[in-house]
Amino acid sequence: MNKDTVFLRQAQSKDLDALKQLLDRCYRQAEGWTNEADLVAGIRTTKAELAVVIADPKHYIFVYPKTNTGDREGQETGELLGCIAVDINSNVPSGDNAYIGMFAVHPELQGEGVGNVILQAAETFASRHLQGNKRQSAAQTSRLTMSILSHRPELLAYYERRGYKLTGVSMPFPEDGNNGEPKRKDLQLLELEKLSLPLAEL
């Protein structure tokens with residue numbers, strides 16, 4: 001398996017267990033370079049939360065399923081190798097935008113370009129979806145946003161290389177326990193943004 005065999009499909013309710021397992025492993029266990037184990041303990045999400053997202057018509061979760069042949073033609077094994085979510089927000093006064101989150105790549109595939117393929121696919125989907133809206137002209141750009149934890153300079157650098165910039169907007173990491181328990185009091189969620197290309201240029 002490598003970046004050339006990556007394919008995505010929309011998540012279904014049958015994926016709930018595997019999706020939660022992938023997110024908890026990638027975010028909360030000390031595996032791979034993208035984990036947050038030093039900053040946040042506990043779960044990354046709940047199955048109930050994922051079920052709500054999957055059922056939301058404006059929120060898309062895409063998954064990269066493992067198959068017995070390693071490509072799209074094979075039979076799915078039930079394990080997920082990657083995922084990413086796109087939340088379409090078309091009622092923002094300043095123009096349409098999309099929020100990208102729940103981005104995860106199986107630790108054993110990190111560093112092989114798989115994440116780049118998944119992120120680019122999500123960005124293209126979001127841009128086409130937003131700019132296909134009849135309320136928007138072809139020359140108007142769309143805004144892609146995401147949040148990352150503070151104290152993650154290597155992750156910030158990764159997204160900056162892909163055209164994202166800090167907006168200056170931040171918020172304290174939530175302490176309601178639904179997405180884990182912060183290990184330091186000064187932990188923040190930092191907003192990043194990227195302006196997508198006009199539809200005619202995609």
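Strand 5 and strand 6 (residues 143–149) run alongside each other in the parallel sense, paired over 3 bridges. This is a predicted model, so keep that in mind as you look around. You can pick out the register of the two strands from individual residues: Ala98 stands opposite Leu144 in strand 6, and the bridge partner of Tyr99 in strand 6 is Thr145.

Strand 5 also pairs with strand 4 (residues 76–89), this time in the antiparallel sense and over 7 bridges. On that side, Ala85 faces Gly101 of strand 5. Strand 5 itself covers residues 97–105, and it's mostly covered, with 8 of its 9 residues buried.

One residue of strand 5 deserves a second look. Met102 is found in this strand, and its phi is near 50°, a positive value in a residue other than glycine. Is Met102 buried or exposed? Met102 is buried, with a relative accessible area of 11%.

**The sheet and the whole protein**

Now zoom out a bit. Strands 4, 5 and 6 sit in an open sheet of 7 strands, which has the order 1-3-4-5-6-9-7 and mixed pairing. Its edge strands are strand 1 (9–10) and strand 7, each of which pairs on one side only.

The protein has 4 helices and 9 strands in total. Reading from the N terminus, the elements go β-α-β-α-β-β-β-α-β-α-β-β-β. Of its 202 residues, 46% are buried. If you take the contacts with a separation of 6 or more, 69% are between residues 24 or more positions apart.

**Helix 3**

Helix 3 (114–131) has 18 residues and reaches 26 Å from its first C-alpha to its last, close to the 26 Å expected at 1.5 Å a residue. Its buried residues include Val114, Ile118, Leu119, Ala122, Ala126 and Leu130. Glu123 and Gln131 are on the buried list too.

What covers the buried residues of helix 3? The cover includes strand 3 (59–67), strand 4, strand 5, strand 6, helix 4 and strand 9.

**Helix 4**

Helix 4 spans residues 153–161, and its buried residues are Leu155, Leu156, Tyr158 and Tyr159. These four cover an arc of only 155° around the axis, which puts them on the same side of helix 4. There's a simple background to that: an α-helix has 3.6 residues a turn, so residues three or four places apart point the same way. The face turned away from the buried side carries the exposed residues Pro153 and Arg161.

As for what covers the buried residues of helix 4, the cover includes strand 5, helix 3, strand 6, strand 7 (165–172) and strand 9 (188–195). Helix 3 and helix 4 therefore each appear in the cover of the other.

The two ends of helix 4 have something to show in their backbone as well. In the loop between strand 6 and helix 4 you'll find His151, whose phi is near 65°, a positive value in a residue other than glycine. His151 is partly exposed, with a relative accessible area of 37%. After the helix comes Gly163, whose phi is positive too, near 95°.

**Rings and charges**

The structure holds 7 aromatic pairs. One of them is made by Tyr158 and Tyr159, which meet edge-to-face at 5.1 Å centre to centre, with 80° between the planes. Both of these tyrosines are buried. Which residues do ring pairs link into a cluster with them? Trp33 and Tyr164 join Tyr158 and Tyr159 there.

Charges get involved with rings as well. Here are two cases where the charged end of an arginine sits over a tyrosine ring:

| Charged residue | Ring | Distance to ring centre |
|---|---|---|
| Arg44 | Tyr27 | 4.6 Å |
| Arg162 | Tyr158 | 3.7 Å |

Tyr158 is worth finding in the 3D view, where several threads meet. Tyr158 is one of the buried residues of helix 4, it belongs to the ring cluster, and the charged end of Arg162 sits over its ring.

Definitions and conventions. Residues numbered from 1 in each chain as written. Predicted model: local features only at pLDDT ≥ 70, side-chain atom pairs only at ≥ 80, totals over all residues. Heavy atoms only, no water. Buried < 20%, exposed > 50% of the residue type's maximum accessible area, 1.4 Å probe, protein only. Pairing = 2+ DSSP bridges. Arc of directions from axis to C-beta. Contact = heavy atoms within 4.5 Å. Phe/Tyr/Trp six-rings, centres within 6.5 Å; stacked < 30°, edge-to-face > 60°. Lys NZ or Arg CZ within 6 Å of the ring centre and 35° of its normal. Expected span 1.5 Å × (residues − 1).
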